[in-house]
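Please find below my notes on this model, set out as numbered points. They go from the overall layout to the charged side chains and then to the surface.

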Amino acid sequence: MDEILARAAQLLGEDSLTLIDGLRTDGRNRVARARRASNGEVVIVKSAVGEDGLPTADPSDDEESTGRRMRNEGVGLAFLSQLEITPPIAPRFLAG
């Protein structure tokens with residue numbers, strides 16, 4: 001999870017993210033709640049993992065089921081972010 005948090009911090013322009021708790025630590029995804037160093041904001045970090053349990057991310061690989069799952073989730077979240085619902089049900093920021 002340390003490697004995943006370090007990469008997420010880099011994408012967010014943060015020096016670091018502090019792990020609050022691991023929401024999902026097994027299965028096809030790793031999901032954690034973390035706190036941003038700059039402003040204390042809480043973020044959710046998710047990483048897809050391959051069959052070997054290692055983080056994997058090549059959303060352009062049509063043959064890879066992990067890439068396909070990532071693309072499908074991204075499309076769904078992009079759609080949900082367009083709905084005018086209060087409170088919002090999709091993230092404000094999504095990176096792949």
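1. Read from the N terminus, the elements of the protein follow the order α-β-β-β-α, which amounts to two helices and three strands. The model is a predicted one, and side-chain atom pairs were counted only at pLDDT 80 or more, a condition to keep in mind for the individual distances quoted below.

2. As for the overall figures, buried residues account for 25% of the 96 residues in the protein. The accessible surface of the protein amounts to about 6800 Å², and carbon and sulfur atoms contribute 50% of that area. When contacts between residues at least 6 apart in sequence are considered, 18% of them join residues at least 24 apart.

3. The pairing of β1 with β2 deserves a look of its own. Strand β1, which spans residues 17-24, pairs with β2 in the antiparallel sense, and six bridges are found between the two. Together β1 and β2 make a hairpin with four residues between them, and in the turn Gly27 adopts a positive phi of about 90°.

4. Across this pair of strands, Asp21 stands opposite Arg33 in β2, and the two residues also form a salt bridge in which the closest N and O atoms are 3.2 Å apart. Because Asp21 belongs to strand β1 and Arg33 to strand β2, the pair ties together parts that are twelve residues apart in sequence. Both ends of the bridge fall in the intermediate class of accessibility: Asp21 is partly exposed at a relative accessible area of 29%, and Arg33 counts as partly exposed at 30%.

5. Which residue does Glu14 meet in a salt bridge? The partner is Arg36, and the closest N and O atoms of the two residues are 2.7 Å apart. Since Glu14 lies in the loop between α1 and β1 while Arg36 lies in strand β2, this pair ties together parts that are 22 residues apart in sequence. The structure holds four salt bridges, and the one between Glu14 and Arg36 is among those described in this note.

6. Is Glu14 buried or exposed? With a relative accessibility of 11%, Glu14 counts as buried, because the value is under the 20% cut-off. Arg36 also counts as buried, at 17% relative accessibility, so that both partners of this salt bridge are on the buried side of the cut-off.

7. The surroundings of Glu14 add further detail. Leaving aside neighbours within four places in sequence, Glu14 is in contact with Ala9, Arg36, Ala37 and Ser38. For one of these residues a polar approach can be given as well, as a polar atom of the Glu14 side chain lies 3.3 Å from the backbone nitrogen of Ala37.

8. Arg36 has a further acidic partner in Glu41, and the side chains of these two residues meet in a salt bridge at 3.0 Å, N to O. Through salt bridges that share partners, Glu14, Arg36 and Glu41 are joined into one network. Within this network Glu41 counts as partly exposed, with a relative accessibility of 25%, whereas Glu14 is buried at 11%.

9. Arg35 also merits a comment. This residue lies in strand β2, residues 29-36, and is partly exposed, with a relative accessible area of 37%. Its side chain reaches the backbone oxygen of Gly40 at 2.9 Å. Residues up to four places away in sequence aside, Arg35 touches Ser16, Leu17, Thr18, Ile20, Gly40, Glu41 and Val42; Glu41 in this list is also the salt-bridge partner of Arg36. Between Arg35 and Asp21, which are 14 residues apart in sequence, the C-alpha to C-alpha distance is 9.9 Å.

10. A last point concerns the surface. Which residues make the nonpolar surface patch of about 370 Å²? The patch is made by Phe79, Leu83, Ile85 and Ile89. Of these, Leu83 is placed in the segment after α2, the helix that covers residues 65-81. Leu83 is partly exposed, with a relative accessible area of 35%.

Terms used
Residues numbered from 1 in each chain as written. Predicted model: local features only at pLDDT ≥ 70, side-chain atom pairs only at ≥ 80, totals over all residues. Heavy atoms only, no water. Patch = residues over 30% accessible without salt bridge, like charges linked within 9 Å, V, L, I, M, F, W, Y side chains within 5 Å. Areas by Shrake-Rupley, 256 points an atom, 1.4 Å probe, with all protein chains shown as cover. Buried < 20%, exposed > 50% of the residue type's maximum accessible area, 1.4 Å probe, protein only. Contact = heavy atoms within 4.5 Å. Polar contact = N/O pair within 3.5 Å; in protein donor to acceptor, adjacent residues only side chain to side chain. Pairing = 2+ DSSP bridges.
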